[in-house]
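Q: I would like to learn how to read a few features of a structure. Can we go through them one at a time?

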Amino acid sequence: MEYHDIVIIGGGPAGLAAAVSAYDAGCRDVLVIERDERLGGILNQCIHNGFGLHTFKEELTGPEYAERYIRQAEERGIKYMLRTIVADVSPEREILYVNRDEGAVRVKAGAIVLAMGCRERPRGALGIHGYRPAGIYTAGTAQRLMNIEGYMVGREVVILGSGDIGLIMARRMTLEGAKVKVVAELMPYSGGLKRNIVQCLDDYGIPLRLSHTVTKIHGKRRVEGVTISEVGPDRRPLPGTEEFYSCDTLLLSCGLIPENELSKQAGITLSRVTGGPEVDDGLETSAEGVFACGNVLHVHDLVDFVSEEAARAGRNAAAWVAEGGSDRGGELPVTAENGVTYTVPQRIRTDAHDEKITVRFRVNGVYRDKYVAVRSGGAEIKRLKRRIMAPGEMEELTLTGEDLGKCAGGITVGLED
Amino acid sequence: MFDYDVCVIGAGAVGTATARELTRYRLSVCVIEKEEDVCSGTSKANSGIVHAGYDPEPGSMKARMNLRGAELIRKLSKNLDFSYRQNGALVLCFDEADRPGLDRLYERGLRNGVEGLEILTGEEVRKREPAVSGDVVAALWAPTSGVVCPFGMTFAFAENAAQNGAEFRFLTEVKGIEKAGEGYVLHTGGEDILARFVVNAAGVRSAEMHNAVSGNRLEITPRRGEYVLMDREVGGLVSSTIFQLPGKMGKGVLVAQTVHGNLLVGPNAVDVEDGEDTETTPEGTDEIKERARKSVPDIPYNRVITGFAGVRAHEKGGDFIIGEIPDAEGFFDAAGIESPGLTAAPAIGEYLAGLVAEKAGAERKEDFISSRRGIPQVAKLSPEERSALIAERPEYGRIICRCESISEGEIIDAIERNPGARSMDGIKRRVRQGMGRCQAGFCTPGAMDILAERLGIPVEKVTKNRPGSELLKW
């Protein structure tokens, strides 16, 4: 069986950044396996700008951002395979991949980096009633059809969900001549970035209706319209608030789900909250030598953070291979509480590798002028003021070696007044 | 003078099964279908259960066709290569007071000739199916019950019928029927079709066809049933099909692991006006979820991947109407085919084809092809077999649908079969592309392009099903 020091599953922004950093950390035998026909992943269809402000200190489009990493990978001579799907991953780090040229092939990996990304929540999972006609797309599918294939998916559009892709597509479809009638959002707040609401909806006069949802789809063959209803605090539609919007297309931007089918095959422990693997501060999963980064780990809103996280995963995977494994010493569990929905990592090793540990988290509502408190064994380790926090924006804090020295037992991260 | 010896109206499970059986004889056979493909009406949205046969009234057509149909499906699933699994069924009883009902079902089963029936105690039921409710006091166990792929079976019948010379005409809607000499003329909006014999397998529209030629009117009510389908990861919650004691509107809500491993809950039964009314509703979905919870309390409804509704043809007499219409010679009904219609389909086909052949005095062909191979399910092969197949045809190595691991080669096969897929739904039902947890989010663009290329049409003409359901909007 062929062997590679590091096999990276997924050649999107996470996989590429992990590959480059693993190489730079001294690992020369890195293989990236990508299912699509090109590297770059979902960035290839994100032709709008706004990428790279943190990483490159300039504003790039998605394909430009991807291109920078593809070039770095190619300059280093990192091996990659396209149009190749990983069908199976075992806990012993054996991978079965399939492609046209080689058939089904098993390879053994020293370490694995999971970078498979995420998928969109489909209509069925949202429980929208009515008919099942053509013209219902997840926002990302519509984005791919328009931006990669060059196809127009609709003329009169209603968007359900105010996730970032939905907001971006509201603008994109408007620019292509479609009429976007309304964006309905079930929650009393948007799931997307504030800047996208301003630049994609407000600037084009597209109404955002919070606490509203689609309650019925009309049309037997192609969408002919949707009914939108207001929802109460329990998020159930309020009778009598139904409004009909005629349209030929319904786009859904109602959440992203990390794609962890392979992780499950490998027996990796997943978080019930993020849907991604539970990891330590080195981004190592419950399976030894298997690391995870990017949207397969937890859904990010900025690719810059994906790149940073993936670089850490790549570096740690290289160290793992060089050292022939890592000694799993003591670990401190990190628990989210009081308005914090989750943290990544979920545990920190007492002999943590990095000087500074980045802890990313999300909150469960819109909060103003709150403190983020890190506590351990009754003591306050850190207390950070935040002017505003919202579920659509990922938050982070840094713990230093000194901070960890003060920890006794488990760590909690929560909001306080 | 006739275009065909026999014209079958409707390319559902019953129509295709009948067409296949008819091709055993020296008869020219045509199947006409108003939709763009086989399996587009009642046959596409149902429970996919091969019923054991304890439910229908002894002596009824339903009982007779059910038993024979189940027997045929077991055999045909091998010969015609479609998915079938005999998983057994439990009919749950929640109250000692209902025990007589359970006993009656058992007795009826015995009279119908169902094998292996047993009455189990609540404890025995939970030992077999740990997820079943603690409230269950007893159950009927029917080991011969099974699950089948309703699409797979119908496509198998259609393809085998075509192999044996049956012709298919799609997007051909029968708008009127008249007696014409010894036979019938079918008005289709396009050209008229002249047939010596007609088989009416028009599903929810079978009364309309019947009433066009007969004075003894049939009354068929479209009866809608909603379902929710869950991820394959939770399909193993139950292994056998879980029913509740039946009521007057049918067999009630079931919980089952489909032949493909998904968890299925449904249906309810709501009479509707329009035979194409396949809307799902909040009330209907809530109803089936709640009623299924009575059987299996912890159904993971947060793992639902889709909901759908189907419409079955309920005839007011309550039994299948099968046979030549007394006042319309040469016109054969397969009307009012509701549950257990899917199970009964091959038996109805066998029976009707026999009647038609007898009437026609047609002889059996010696060169009838009785078996057919399905499209290979590449992801289910061992890595070695998979590699061998890919070496032969590289398209089997390019995965288009990630959730169900469906390759480009399988999608091309779906289009190139006869009758082949003409729409996205046609591909989906043949090879399961887009039926997984992302519900075609990732694979729609790829499958669209393959379909356009293979059909030689511009991509904006690609439809979800019949014309009017174009995916793109220029």
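Q: Why is there no bond between the sulfur of B:Cys7 and the closest cysteine sulfur?

A: A disulfide is a covalent bond between the sulfur atoms of two cysteines. The closest cysteine sulfur to that of B:Cys7 belongs to B:Cys30 and is 4.6 Å away, too far for a bond; a disulfide needs the two sulfur atoms within 2.5 Å. Over all chains, the structure holds 0 disulfides. This is a predicted model, where local features need pLDDT of at least 70, side-chain atom pairs count only at pLDDT 80 or more, and totals for chains, interfaces and linings use all residues. Residues are numbered from 1 along each chain as its sequence is written, chains are lettered from A and ligands numbered from 1 in the order written, and side-chain values use heavy atoms, without hydrogens and water.

Q: Is B:Cys7 buried or exposed?

A: B:Cys7 is buried, at a relative accessible area of 0% (buried is under 20%, exposed over 50%, partly exposed in between, with a 1.4 Å probe and protein chains only).

Q: How much area do domain 1 and domain 2 of chain B bury between them?

A: The size of an interface is often given as the accessible area lost when the parts come together. Here the two domains of chain B bury about 590 Å² (1.4 Å probe, summed over both parts), with 35% of it on carbon and sulfur atoms. B:Arg232, B:His260 and B:Ile305 supply 67% of the area that domain 1 buries against domain 2.

Q: How many salt bridges are counted between these domains?

A: The count is 3, a salt bridge being a side-chain nitrogen of Lys or Arg within 4 Å of a carboxyl oxygen of Asp or Glu. B:Arg232 forms a salt bridge with B:Glu404, with 2.8 Å between the closest N and O atoms.
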